[in-house]
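This report concerns a protein and the ligand shown with it. It turns to backbone geometry, the ligand shell and model confidence.

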Amino acid sequence: MIATQLDLSDLGYSPFFSSQLDQIQRPGLVPARIAADGPGIYALLGCRAPLGELSGRLRHELHGTERPVAGDWVAVADDGERAIIHHVLRRRTAMIRRAADSDVTAQAIAANVDVFGLVSSANRDLNPRRIERYLSAVWDSGASPVIVLNKVDLVEDVWPLLECIEPVALGVPVVQVSALTGEGIETLRTHVGPGTTLGLVGSSGVGKSSLINRLLGVDVQHVSTIREDDARGRHTTTRRELIPLPGGGVLIDTPGMRELGLIEDEGGVDAAFADIAGLALACRFNDCRHETEPGCAVQKALVSGALTKERLQSYRKLQREVAAAERKRDPVLAADERRRWKTIAKEYRALEKAKGRR
Ligand SMILES: Nc1nc2c(ncn2[C@@H]2O[C@H](COP(=O)(O)OP(=O)(O)OP(=O)(O)O)[C@@H](O)[C@H]2O)c(=O)[nH]1
Ligand SMILES: [Mg+2]
Ligand SMILES: [Zn+2]
């Protein structure tokens with residue numbers, strides 16, 4: 001019993017989740033963490049059954065991003081072989097993106113991640129615009145970011161790359177690593193430990209799976225060489241997967257993303273561009289659009305070179321993207337969500353009434 005509890009806390013189980021389980025009025029349910037999500041079937045960690053499926057009710061009730069994804073904590077009836085998932089516990093963090101094939105559908109990438117490592121490769125053109133986009137998504141998710149510059153063994157001098165990252169990092173830690181030589185791996189390791197979850201995201205071929213293997217000390221994840229002509233990856237990892245670290249902590253490997261479309265506005269873009277938000281405080285007008293207004297501190301920073309045109313453009317582009325996504329929200333899904341909340345509110349009111357009668 002004690003051993004199981006220790007395992008669960010190593011996997012990230014905390015009072016945030018156990019208090020939710022305590023509130024479920026159904027005896028016999030145990031917690032488990034989703035290790036991988038396939039269509040209709042889930043790999044589980046922390047319970048006896050290795051696999052689970054949604055209960056009939058959840059299959060009916062949960063839509064889109066509400067469905068469990070890698071990293072979610074769920075309450076299951078565990079028969080030791082095939083567990084039935086009865087509840088998805090509220091998420092502490094959730095990385096949501098716009099599904100690649102749609103401009104309205106949101107897709108959850110991973111849940112309950114504490115730290116996202118944004119992996120870029122030193123041998124390819126490092127793209128600060130991409131880092132800004134990823135940072136916005138991570139801040140939106142509720143997790144914290146670490147910028148991971150991998151393959152530093154391939155460059156003589158990392159300084160130009162670090163100089164390119166610095167203006168967009170705004171204090172976010174930057175770790176220089178090489179999955180090949182092991183350089184920097186111990187620094188990366190400080191971002192994961194018992195109870196914490198580190199997810200790696202980034203384009204295909206940047207070395208996410210290689211870094212996971214390095215952190216584990218054994219080759220568990222499949223890796224393959226990048227294409228010679230354009231140095232791009234081959235989309236080797238095809239599903240999101242949780243891998244427990246010996247000694248505690250959890251790693252999440254994810255498939256390389258072609259694009260990370262922003263779909264939510266939880267303030268992530270403003271957090272990723274806190275320098276511009278800070279400048280705006282000094283504009284003469286509160287509603288300054290930083291265009292031609294007199295006394296605009298943002299325009300002044302552009303002139304002095306403290307802010308680049310590219311960064312301001314990128315800020316505006318991402319702001320427009322989240323605003324458009326909010327407007328275009330899938331109306332069917334939104335209605336479904338509203339209906340569900342109505343039901344919950346109704347149940348809650350009935351409960352309160354019953355309490356009053358006692
Ligand atoms: N030189 C060098 N090569 C590396 C390093 N890390 C990874 N590689 C190589 O880069 C290629 C791609 O690595 P993967 O780990 O498969 O990349 P990935 O990010 O998991 O790619 P996807 O699964 O497709 O998203 C492999 O040939 C690795 O051996 C590194 O630090 N230095
Ligand atoms: Mg991979
Ligand atoms: Zn202004």
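## Burial and backbone geometry

A residue counts as buried if 20 or more other C-beta atoms lie within 10 Å of its own. By this criterion Asn112 is buried, because 32 other C-beta atoms lie within 10 Å. Asn112 belongs to the loop between β7 (106-111) and β8 (115-121). Its phi is near 55 degrees, a positive value in a residue other than glycine. Most residues other than glycine have a negative phi.

His290 likewise is not a glycine, yet has a positive phi of about 60 degrees. The loop between α9 (274-280) and α10 (297-304) contains His290. His290 is buried, since 21 other C-beta atoms lie within 10 Å.

## The shell around ligand 1

Ligand 1 is surrounded by 25 residues, of which Gly207, Ser209, Val223, Thr237 and Gly256 come nearest. Helix α7 (residues 208-216) supplies the largest share of this shell, three residues.

Classified by side chain, the shell around ligand 1 comprises 14 polar, seven nonpolar and four charged residues.

## Confidence in the model

The structure is a predicted model. The average pLDDT of the protein is 88, and 90% of the residues score at least 70.

Residues 1-6 have pLDDT under 50 throughout. For this segment, residues 1-6, the model has zero contacts beyond four places in sequence.

Definitions and conventions. Residues are numbered from 1 along each chain as its sequence is written. Chains are lettered from A and ligands numbered from 1 in the order in which they are written. This is a predicted model: local features need pLDDT of at least 70, side-chain atom pairs count only at pLDDT 80 or more; totals for chains, interfaces and linings use all residues. A residue is near a molecule or strand if its C-beta atom, placed from the backbone, lies within 6 Å of it. Helices (H or I, at least four residues) and strands (E, at least two) are DSSP runs, numbered from the N terminus. Ala, Val, Leu, Ile, Met, Phe, Trp, Tyr, Cys and Pro count as nonpolar, Asp, Glu, Lys and Arg as charged, and the others, Gly among them, as polar. pLDDT is the predictor's confidence in each residue, from 0 to 100. Two residues are in contact if their C-beta atoms, placed from the backbone, lie within 7 Å. A residue is buried if 20 or more other C-beta atoms lie within 10 Å of its own, exposed if 12 or fewer, and partly exposed in between; C-beta atoms are placed from the backbone.
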